[in-house]
Structures are given as C-alpha cells and as structure tokens.
Amino acid sequence: MWSPGREAQAPTGGDPAGLLPPEWEEDEERMSFLFSAFKRSREVNSTDWDSKMGFWAPLVLSHSRRQGVVRLRLRDLQEAFQRKGSVPLGLATVLQDLLRRGELQRESDFMASVDSSWISWGVGVFLLKPLKWTLSNMLGDNKVPAEEVLVAVELLKEKAEEVYRLYQNSPLSSHPVVALSELSTLCANSCPDERTFYLVLLQLQKEKRVTVLEQNGEKIVKFARGPHAKVSPVNDVDVGVYQLMQSEQLLSRKVESLSQESERCKEEARRACRAGKKQLALRSLKAKQRTEKRIEALHAKLDTVQGILDRIYASQTDQMVFNAYQAGVGALKLSMKDVTVEKAESLVDQIQELCDTQDEVSQTLAGGVTNGLDFDSEELEKELDILLQDTTKEPLDLPDNPRETLYTNSVPKPRILDAELEAELEKLSLSEGGLQVPSSKSPKRQLEPTL
C-alpha cells in the first residue's frame, strides 16, 4: 500500500532515460534560446514562440509518459530539466498553453467534474478545494503555481485502460464487485501512488466503466461487464454476492487458522508423551479433537457458501448465453426478413430456365452457317475413294540407296600410324603373357605358344 502523503515526483538532474533531443548536449546556442523566457505575447515574435512551444510541450508529455506518471507539477519539471545548473524559464508558459488546449487539467478541476464523494477527504490525501481557493485568490486562475498538481488527460486515459485490463485478467474479475482495498493491492505496480490510483478510478467512473459505493464502512467497486459496456448501479444482488464472497474468504482464513491450532495441539501432546506427562497429553488431544470438530463445521458452512456462489456464477453464464442467443435470433430474423420458401423456389426456377436457354443457344451456334449451300455427304465420300485409288496406282518416287557411308563428310576418318598399331599389339601380347607378336622389322616366323 501507499503512504498517504507520498507524492509522485519526477527525478531530478535531467532525463534519466537518456531520451532528450540531440541538441540538448550538442547545440549551446539553440539550448540557450530554448531555456530563455517567452515573450509576453505570441504576437511579438510568433516564430520564436512556436519554436519554443514545439520543443517543450511534446517533451513535457513524453517525459511524463516515460516516468509512468499522470500527475505533474512545475517544480518537478524544473528539477527534471535542469541543464548545467540552469532551469528552463518558460515551463510555466508551456503548462499554461497545455491547459488552454485541454491536454492538461488541474487536479482539482478534474475531481470537481466527477462525483468524488466516496473519497475520504479527512485523511489528508485530497485537500484540493481549500488549496484551489487559496491559490485562486492570491495568484488568479491564469497562473500555474510551482506546487499545483496538473493531470495529463491522455496519459490518465491510458492508465485507466491499463488498470481495467489488469482487473479483467485477474481472478477478481470472477465477479464485477470487488473491495477497494483488494483492487488497490492489485494496482500497486501500475499506480505509483494513492492519488494516481484514485484519479484512475475517477477516470473509469467518468467513462461509466466503474462505480464506487460505501457499504458498512467499506468501499466496494463495481466494474462493467464488458470493455464496451456501461456499468449498472450497485444493487442488492451485487451486495449479496459481495457479502458471500467476503464470508467465503473469512471462513477460509478461519479454517486455515484452526488447522494450524490443531497441529499445534498435536505437537504439544507428542511432547507431553515424550516427557511422561500423560494427563497433559490427554488434554492436548481433547483440545485437538474440539478444534477438528470446529473445522468440520466450518467446512460444511464453507461448502454451502461456495455452492451458492457456484450457482450464482453458473446463472450469470447462463444469462450471458441466453442474451447471446437472443441477439443471434434477432440478427437472423433481420437477415431473413425478405426471404421466403416461395421466393427461393421461384429464383431456382428462373435460374434453371436461363440455363436451358443458354444450352439451346450454344447448340444453335455449334451447328454453324452453310451460306445456302447443301452438300451431299455420299457423293463426297465416293469422290474421296476415287482419289485414294488413283494415289495407290502411282509409283512411289523414293530416293536412291546411298552407296557411301552416311556422315562421311561430317565425321573425319582418323589416321592411325602403323607404329602405333604395332605398339598397341605388343602391349596386348605382354598383358596376355602367352603370345609373342613379332614386330614388323623382325623376320617372319610362325607364332608358337610359350611354354
């Protein structure tokens, strides 16, 4: 949990993320100009005014987004954007311009626009109305005091969406009603301080996604059923279910406590037996049995409460399914409004008739056009037979049989020397080992096998 007086302050000594513009360290002349004060009016020099405003306004908002804060003050920004001991002199004018454009809003004005009666004003967290009256009387509404808290409107909307998704993805979303203390514990990492948490709830309340109610001294929050649905007021059913859930948690904690007490009695009886103290061991065992009986009774009550909650959750699911069915039936009726069986049959008949017409047209076109000339197919066949007979009687004019080998001109004859043939033959003889072949220069003699 947060401490009541904790503030969401920006770090000092420059931008910690190192995401400042390049000219921050490189262009001394440019930075001297940007750190100087604005003129009294934009009409004096609109170019310089727009240049400074175009630099500081996006930087202020992007700095707050990187820090994860939605609340900012002039004093914090001056400390965050210090450079070589210098403080930007025109930040107050920048904040005034952002207020005028609606990108920033005074925290007190934002709370006044939403029903914040459920917030505890006496705890010292939101003492904003007296502060606003005092500052308005002393400085006027156009001034931005260094301590006044401003709210970045777009960043607050983003933070509210983040908290809503966080709730939807948590076990708390099993029922739309949840205790404010449980929700604050869930959002401790998303909201850096308690004020931010309350502002987020106010933004969700402004968007009609949550409603807050105080019941028996405890604040409870009810969420909308869906991301695009509007929250309904807290009714008796919601309160009853919330009380059942609280009873379940209370009974579970009680059962756990009694189980620990039963184990303690059992351990005391064991130690008494070891020490020979029989009566003390018996008393410890009796206490253990009484505790176990109480645990059994609590278990029965817990089972009853859980059974009721299960039925409630099942009925909610059934209601959602029923609503979906109703929506589906309505959509189906609307889509089938002008469709009947007779119209469907008539449409099919028309399609079949058109298909038949198309087939007839295709057959007609396939028949071709004779140009008024009729030919006898039998006469044409007779004339074709006569032509075939005349063709068979004529000798065939075939080319003469070539006497020379084909490809004679295309493939040259290889020239093989006698010496090469004798050398190749001698190699064969030596490889076979059984024949001796005389060379062409040796005297001729009969070849005989070598024994």
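User: Which residues of helix 3 are buried?

Analyst: They're Trp49, Lys52, Met53, Phe55, Trp56, Ala57, Leu59, Val60, Leu61, His63 and Ser64. Buried means under 20% relative accessible area, with exposed over 50% and partly exposed in between (1.4 Å probe, protein chains only). Over the protein chain, 29% of the 451 residues count as buried. Bear in mind that this is a predicted model, where local features need pLDDT of at least 70, side-chain atom pairs count only at pLDDT 80 or more, and totals for chains, interfaces and linings use all residues. Residues are numbered from 1 along each chain as its sequence is written, and side-chain values use heavy atoms, leaving out hydrogens and water.

User: How do you know that the span of helix 3 agrees with what it should be?

Analyst: Helices are DSSP runs (H or I, at least four residues), numbered from the N terminus. The expected span is 1.5 Å times one less than the number of residues. For the 22 residues of helix 3 (residues 46–67) that should be 32 Å, and the end C-alpha atoms are 31 Å apart, so the two agree. Right after helix 3 comes Gly68, with a positive phi near 75°.

User: What makes helix 8 roughly perpendicular to helix 10?

Analyst: The axes of helix 8 (residues 153–168) and helix 10 (residues 194–206) cross at roughly 90° and come within 9 Å. Roughly perpendicular covers 65 to 115 degrees, so helix 8 earns that label against helix 10. Among the residues that meet there (contact means heavy atoms within 4.5 Å) are Leu156 and Val163 in helix 8 and Leu199 and Leu204 in helix 10.

Definitions and conventions:
Helix = DSSP H or I, 4+ residues; strand = E, 2+ residues; numbered from the N terminus. Axes fitted to C-alpha atoms, helices over the stretch in contact; angles between N-to-C directions. Parallel < 35°, antiparallel > 145°, perpendicular 65-115°, else oblique.
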